[in-house]
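Please open the structure in the viewer and keep the sequence beside it. The tour below proposes a series of selections and describes what is found at each.

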Amino acid sequence: MSGIWGGTLKDNEVGPGIYVGFLPAALATGAYRAAPDATVVGHGLARVPDALRRLRGGVSANKLVVTV
């Protein structure tokens, strides 16, 4: 049995190929779009409990964000 660890990508050519060679330019040009769109819950660490309440209440196909 074999597996892929998260750290594996940084130690071979795949990680830099994606995160340096492809993703920055693709995001900048719109060729790749992060999805789903972010739902900003609020700003500052004090808003983290609000975000956790929303998460515990049930979130589907949403990305909850607290800006700092």
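Select the whole protein chain and display its surface: about 5,500 Å² is exposed, and carbon and sulfur atoms supply 61% of that area. Please bear in mind that this is a predicted model. Of the 68 residues in the chain, 10% count as buried.

Next, change to a cartoon display. Two helices and two strands make up the secondary structure of the protein chain. Followed from the N terminus, the elements run in the order α-β-α-β. The radius of gyration of the protein chain is 16 Å, well over the 11 Å that the globule rule gives for 68 residues, so the chain is more spread out than a compact globule.

Now show the C-alpha atoms alone. Along the principal axes, they fill a box of roughly 40 × 40 × 25 Å. Contacts may be displayed as well: among those between residues at least 6 apart in sequence, 45% join residues at least 24 apart.

Then select residues 14–29, which form helix α1. Within this helix, pick out Y19. Is Y19 buried or exposed? Its relative accessible area is 53%, and residues over 50% are classed as exposed, so Y19 is exposed.

Finally, keep Y19 selected and add V14, I18, V20, F22, L27 and Y32. Together, these residues make a nonpolar surface patch of about 680 Å². With the patch coloured, return to the full surface, of which the protein chain exposes about 5,500 Å².

Technical notes:
Residues are numbered from 1 along each chain as its sequence is written. This is a predicted model: local features need pLDDT of at least 70, side-chain atom pairs count only at pLDDT 80 or more; totals for chains, interfaces and linings use all residues. Side-chain values use heavy atoms; hydrogens and water are left out. Patches are made of residues with over 30% relative accessible area and no salt bridge: like charges are joined within 9 Å, nonpolar side chains (Val, Leu, Ile, Met, Phe, Trp, Tyr) within 5 Å. Accessible areas come from the Shrake-Rupley method with a 1.4 Å probe; for residues, only the protein chains shown count as cover. A salt bridge is a side-chain nitrogen of Lys or Arg within 4 Å of a carboxyl oxygen of Asp or Glu. Helices (H or I, at least four residues) and strands (E, at least two) are DSSP runs, numbered from the N terminus. Buried means under 20% relative accessible area, exposed over 50%, partly exposed in between (1.4 Å probe, protein chains only). The radius of gyration is taken over C-alpha atoms; the globule rule is 2.2 Å times the number of residues to the power 0.38. Contact means heavy atoms within 4.5 Å.
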